[in-house]
Amino acid sequence: MATINPTRMELTRFKKKLVTARRGHKLLKDKRDGLMREFLSMVRENMKIRKRVEAALNSSNQKFMFARSTMSEQEVKAALMASGEEITVEADYANIMSVDIPKFDYKTAAHGYSYGFAFTSGELDEAVESLSDLVDDMIKLSEIEEACRLMSKEIEKTRRRVNALEHVLIPQTEANIKYISMKLDENERSSQTRLMKVKDMMLEEAHHYKERANG
Amino acid sequence: MYKIAVVGDSDSIYGFASVGFDTYPARTESDALHKVKEIWSDYAIIYVTESCYEALTEEIDKKLTPLPVITPIPGVKNNTGIGVANVKKAVEVAVGSDIIFGNKE
């Protein structure tokens with residue numbers, strides 16, 4: 001234990017520190033529990049969306065394969081490159097238990113098939129359609145996945161803090177308080193006995209009890 | 001106003017041009033890393049095929065700004081399943097062990 005001055009001032013200081021630490025501990029614990037509750041429901045949703053997106057993406061990839069098989073690569077790419085489709089995202093943040101999670105709001109311009117139908121196959125149309133249906137889910141997935149990632153980090157951090165307070169700071173402060181109050185009590189007792197002794201000696205000086213007792 | 005980008009092998013990503021995403025074909029993992037670093041601040045969301053995602057994990061962990069959000073998506077080949085693994089990892093970090101999804105698959 002580091003050297004502590006066993007003074008009353010130190011004692012009050014430690015007592016204040018203990019109160020603060022306890023309050024912080026309680027708050028952080030509540031934060032952790034709140035985050036955890038939020039996180040668990042969110043991560044389930046995350047998994048659901050991810051599974052859905054992955055399945056849909058795989059089938060859409062397959063559709064593009066089919067499209068490629070009926071058209072030449074150049075034709076497919078030319079058709080898709082020329083697409084006037086544009087998508088813009090507005091990013092905003094929502095605050096969940098002090099974690100800033102992203103919220104995306106997207107807008108698409110020019111909907112529909114931007115390529116001429118003369119040189120493209122029906123398979124391509126299907127593939128493109130399957131993909132444009134997927135955009136909404138994909139953006140949602142990004143949003144929720146980032147949220148889960150950030151929250152899991154925050155939970156870990158909060159848990160560390162809670163543990164540090166609970167297992168290190170609070171017991172240490174308590175021990176210090178105990179040490180100081182013991183020391184102070186001890187000092188008090190020793191000065192008490194000293195005073196009693198001095199008083200005895202002074203009385204002895206004045207009245208000579210011993211000599212009288214001995215006759 | 002931000003846009004959305006897709007990075008990965010060109011076979012997996014060229015279709016996204018049709019929905020208005022900007023596509024950045026990358027042949028190798030390090031190529032993908034360069035591309036992503038280049039376009040880092042221009043996009044809100046960058047989708048990366050799973051085969052290229054591995055090379056980026058370090059960059060993503062270092063990321064301090066909230067944007068861009070980088071999300072792995074399955075491509076046509078060399079899928080590593082890192083998307084699902086990431087979700088599980090998040091649970092592991094938060095809870096201590098994966099109690100939700102477990103080893104169900």
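Which residue in β3(B) does V7(B) stand opposite? I will start there and work outwards. Please keep in mind that this is a predicted model.

The residue is V48(B): V7(B) stands opposite V48(B) in β3(B). The two strands involved are β1 of chain B, residues 3–8, and β3 of chain B, residues 43–49. They run parallel, and 5 bridges join them.

In general, the strands of a sheet pair through backbone hydrogen bonds, and the pairing is either parallel or antiparallel.

Now the whole sheet. Chain B has an open sheet of 4 strands, and the pairing in it is parallel. Read across, the order is β2-β1-β3-β4. At the edges are β2 (22–25) and β4 (69–73) of chain B, each of which pairs on one side only. From one strand to the next, the twist averages 20 degrees.

What packs on this sheet from chain A? That is α3(A), which touches β3 and β4 of chain B. The direction of α3(A) makes about 115 degrees with that of β4(B).

That brings me to the contact between the two chains. On the chain A side there are 46 residues, in contact with 31 residues of chain B. Several elements of chain A give two or more residues to that side: α1 (8–70), α2 (73–81), β1 (86–96), β2 (99–109) and α3 (122–207). Of these, α3(A) gives the most, with 17 residues.

Last, the make-up of the side of chain A that touches chain B. By class, 23 residues there are nonpolar, 10 are polar and 13 are charged.

To go back to the start: the V7(B) and V48(B) pair sits opposite each other, and β3 of chain B is also one of the strands that α3(A) touches.

Key. Residues are numbered from 1 along each chain as its sequence is written. Chains are lettered from A and ligands numbered from 1 in the order in which they are written. This is a predicted model: local features need pLDDT of at least 70, side-chain atom pairs count only at pLDDT 80 or more; totals for chains, interfaces and linings use all residues. Two residues are in contact if their C-beta atoms, placed from the backbone, lie within 7 Å. Ala, Val, Leu, Ile, Met, Phe, Trp, Tyr, Cys and Pro count as nonpolar, Asp, Glu, Lys and Arg as charged, and the others, Gly among them, as polar. Two strands pair if DSSP finds at least two bridges between them. Axes are lines fitted to C-alpha atoms, for helices over the stretch in contact, and angles run from 0 to 180 degrees between N-to-C directions.
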